[in-house]
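Student: I'd like to go through the packing in this one with you. Can we pull it up first?

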Amino acid sequence: MTIPAISPSTLLRISSDVRHRQIGDEAVVVRQTAGEVLVVNDVGGAVLDLLDQTPTVQVLLDRLAGQYDVEQSILERDVLVYLRELLDAGVIEAHSGQE
């Protein structure tokens, strides 16, 4: 399976077998089918919470920019790297904005 490229119009969704919950300063992510548990920091958890609303990458970046005081280019770079890691791990799915 080819993992699609991530662009501003890419729609992101949490995979159907994934559950996540914020606990203190961390979020716990469970991939039920794979039997994996991941722990991410509070920013990673915030990204997952926003993905529950199935935003495009651009909407996700805009919402995060409103929540965190960080330079836009740094935010974009870091979030795109994180999203790629989530895609590679099977935590999220990406769909073109055309769907």
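Student: Which residues does L12 touch?
Tutor: Quick caveat before we start: this is a predicted model, where local features need pLDDT of at least 70, side-chain atom pairs count only at pLDDT 80 or more, and totals for chains, interfaces and linings use all residues. Numbering runs from 1 along each chain as its sequence is written, and side-chain values use heavy atoms, with hydrogens and water left out. Contact means heavy atoms within 4.5 Å. Not counting residues up to four places away in sequence, L12 touches L51, T54, P55, V57, L60, L83, I92, E93 and A94.

Student: L60 is on that list; is L60 buried or exposed?
Tutor: L60 is in helix α2, with helices (H or I, at least four residues) and strands (E, at least two) taken as DSSP runs numbered from the N terminus. Buried means under 20% relative accessible area, exposed over 50%, and partly exposed in between (1.4 Å probe, protein chains only). L60 has 0% relative accessibility, so L60 counts as buried.

Student: Which element gives the largest share of the largest nonpolar core?
Tutor: A nonpolar core is a set of buried Ala, Val, Leu, Ile, Met, Phe, Trp, Tyr and Cys residues joined through side-chain atoms within 4.5 Å. The largest one has 23 residues, and L12 and L60 are among those with the most contacts inside it. Elements giving two or more residues are β1 (11-14), β3 (26-31), α1 (42-51), α2 (57-67), α3 (72-89) and β5 (92-95). The largest share, 6 residues, comes from α3.

Student: Why do α2 and α3 count as oblique to each other?
Tutor: Axes are lines fitted to C-alpha atoms, for helices over the stretch in contact, and angles run from 0 to 180 degrees between N-to-C directions. Under 35 degrees is roughly parallel, over 145 roughly antiparallel, 65 to 115 roughly perpendicular, and the rest oblique. The axes of α2 and α3 come within 10 Å and cross at roughly 125°. α2 and α3 are therefore oblique.

Student: And which residues make the contact between α2 and α3?
Tutor: From α2, the contact uses V57, L60, L61, L64 and A65. On the α3 side, the residues are Q72, L75, E76, V79, L80 and L83.

Student: How far apart are the axes of α1 and α2?
Tutor: In the contact between these helices, A46, V47, L50 and L51 in α1 meet L60, R63, L64 and Q67 in α2. The helices pack at an angle of about 135°, and their axes are apart by 11 Å.
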